[in-house]
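Got the structure open in your viewer? Let's take a walk through it, one selection at a time.

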Amino acid sequence: MARTLQIDILGTEYHGKREKNVLYRLKRKPQAVTDYPYIVVSDKFEFLSSSYYSSSSTTDLFQVKDYRMIKANLKKSKVREQIGLEVTIADLRKQDSLQVGRWISHIKDIYKFCKCTNCQFILSSGANSAVEMVSGRSFESILRTCEIEPEHYWQELEKWIENKCKTRVFADT
Amino acid sequence: MQILNRRDRRRYLAVLCSTKSNDDIGFINLIKKRNSELFGHIANEKSSIRLVYSDKNKNIIIISCKLQNVDNVLSAIALTSSPLVVLDMSGTLKRLKRRLLESSE
């Protein structure tokens, strides 16, 4: 399905079996070395801040859910560099056009913020099943609607994923 | 005398529908409604979204729209309330059908 939709790497939860071209999303960093590539995902705001120093502050990806709260707090606090800020499309499907319009405005601001703070903006489908997935071409159209150049976006995202996987030790079998 | 080609260029989109329905027009109306809400009635009319073909066994419909509005239509499809997935896109119906056949094999 992913190949049909022109998506090279999928992000999904780990269910005990490693598959090709999948980057696993974990809530916590595993204690031991894994045989699969992963990123640590969180929606807790404190992990986003550079002032939060802890052994557990290994979050790679922050899920943006409350845009207003995030926008208000991002201006105040210093954000850790190279962290990914993820926004999902799935929640938008049931919202009215007014909310979608606002979302696009938020996306523009978050993208600008990411550019300024050396963070990675990530647009995700937020799909729970195959029929909720979004094709690569549709992603590009939504990015263009948000005034984001798709080519730059894909290049930056590829680099970011490469860096995350490079710095992380996992036994490649 | 040179004759100008006044035909608009179109794109054909293969869309996977999430639910089985005999009402293909219902899906088209859903896409048109969202497109109209997001980009306006005029842009929606200019998009000229049409149902071209429907495969009820595979839950796939093929729609066409004008090339200049294809970004709007793709965004509208991704943001419809009933999940619809754009499987492929092509400039000709023949090529799109061939690619769908290849990917299903």
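Start with the second largest pocket, which holds about 270 Å³ of space. Keep in mind as you click around that this is a predicted model. To find the spot, select B:K58, B:I60, B:L100, B:L101 and B:S104; of the 13 residues that line the second largest pocket, these lie nearest its centre.

Now colour chain B by secondary structure. Three elements of chain B, namely β2 (50-55), β3 (60-66) and α4 (93-104), each put at least two residues into the lining of this second largest pocket. Which of them gives the largest share of the lining? That is α4(B), with five residues. Switch to colouring by residue class and the lining of the second largest pocket splits into seven nonpolar, three polar and three charged residues.

**Next stop: the salt bridges**

Over all chains, the structure holds eleven salt bridges. We'll visit a few.

Select A:R25 and A:E86. They form a salt bridge, and their closest N and O atoms sit 2.7 Å apart. A:R25 belongs to strand β2 (residues 22-26) of chain A and A:E86 to strand β5 (residues 84-88) of chain A, so this pair ties together parts that are 61 residues apart in sequence. Is A:E86 buried or exposed? With 3% relative accessibility, A:E86 counts as buried.

Move on to A:E156 and A:K115, another salt bridge, with 2.4 Å between the closest N and O atoms. Here the link runs from helix to helix: A:E156 is in α4 (residues 150-167) of chain A and A:K115 is in α2 (residues 97-117) of chain A, so parts 41 residues apart in sequence are tied together. Turn on the surface and look at both ends. A:E156 counts as partly exposed because its relative accessibility is 25%, and A:K115, at 46%, counts as partly exposed too.

Now show both chains and zoom in on B:D71 and A:R137. Their side chains meet in a salt bridge, 3.2 Å from N to O. This pair crosses between chains: B:D71 sits in helix α3 (residues 70-78) of chain B, and A:R137 in helix α3 (residues 136-145) of chain A. B:D71 is partly exposed, at 22% relative accessibility, and A:R137 is partly exposed with a relative accessible area of 23%. Add A:R144 to your selection, and you have a network: salt bridges with shared partners join A:R137, A:R144 and B:D71.

**Into the nonpolar core**

Hide the surface and select A:W103, A:F121 and A:L123. These have the most contacts inside the largest nonpolar core, which has 53 residues. Which element gives the most to this core? It's α2(A), with eight residues.

Centre on A:F121 and show what surrounds it. Setting aside neighbours within four places in sequence, A:F121 is in contact with A:L85, A:V87, A:I107, A:I110, A:Y111, A:C114, A:L143, A:I148 and A:Y153. There's another core to pick out, apart from the largest one: it has 17 residues, including B:L13, B:I28, B:I61 and B:I63. As a rule, nonpolar side chains in soluble globular proteins tend to be buried together.

**A small detour: the cavity**

How many cavities of 30 Å³ or more does the structure hold? The answer is one, and the volume of the largest cavity is about 30 Å³. To see its walls, select A:R93, A:M133, A:V134, A:S135 and A:S138 from chain A, then add B:I77, B:A78, B:L84, B:V85 and B:V86 from chain B; these line the largest cavity.

In chain B, α3 and β4 (84-90) each supply at least two residues of that lining. The largest share, three residues, comes from β4(B). By class, the lining of the largest cavity has seven nonpolar, two polar and one charged residues.

**Last view: chain A as a whole**

Zoom out and show chain A as a cartoon. You should find four helices and six strands in chain A. Trace the chain along its sequence and the order reads β-β-β-β-α-β-α-β-α-α. Chain A has 173 residues, and 43% of them are buried. Finally, turn on contacts in chain A between residues at least 6 apart in sequence: 54% of these join residues at least 24 apart.

Note on methods: Residues numbered from 1 in each chain as written. Chains lettered and ligands numbered in written order. Predicted model: local features only at pLDDT ≥ 70, side-chain atom pairs only at ≥ 80, totals over all residues. Heavy atoms only, no water. 1 Å grid on protein atoms, 1.4 Å probe; cavity = no way out; pocket = protein on both sides within 12 Å on 5 of 7 lines; lining within 4 Å. Points joined across faces, edges and corners; volume = space filled by probe spheres on them. Nonpolar A, V, L, I, M, F, W, Y, C, P; charged D, E, K, R; others polar. Salt bridge = Lys/Arg side-chain N within 4 Å of Asp/Glu carboxyl O. Buried < 20%, exposed > 50% of the residue type's maximum accessible area, 1.4 Å probe, protein only. Core = buried A, V, L, I, M, F, W, Y, C linked by side-chain atoms within 4.5 Å. Contact = heavy atoms within 4.5 Å.
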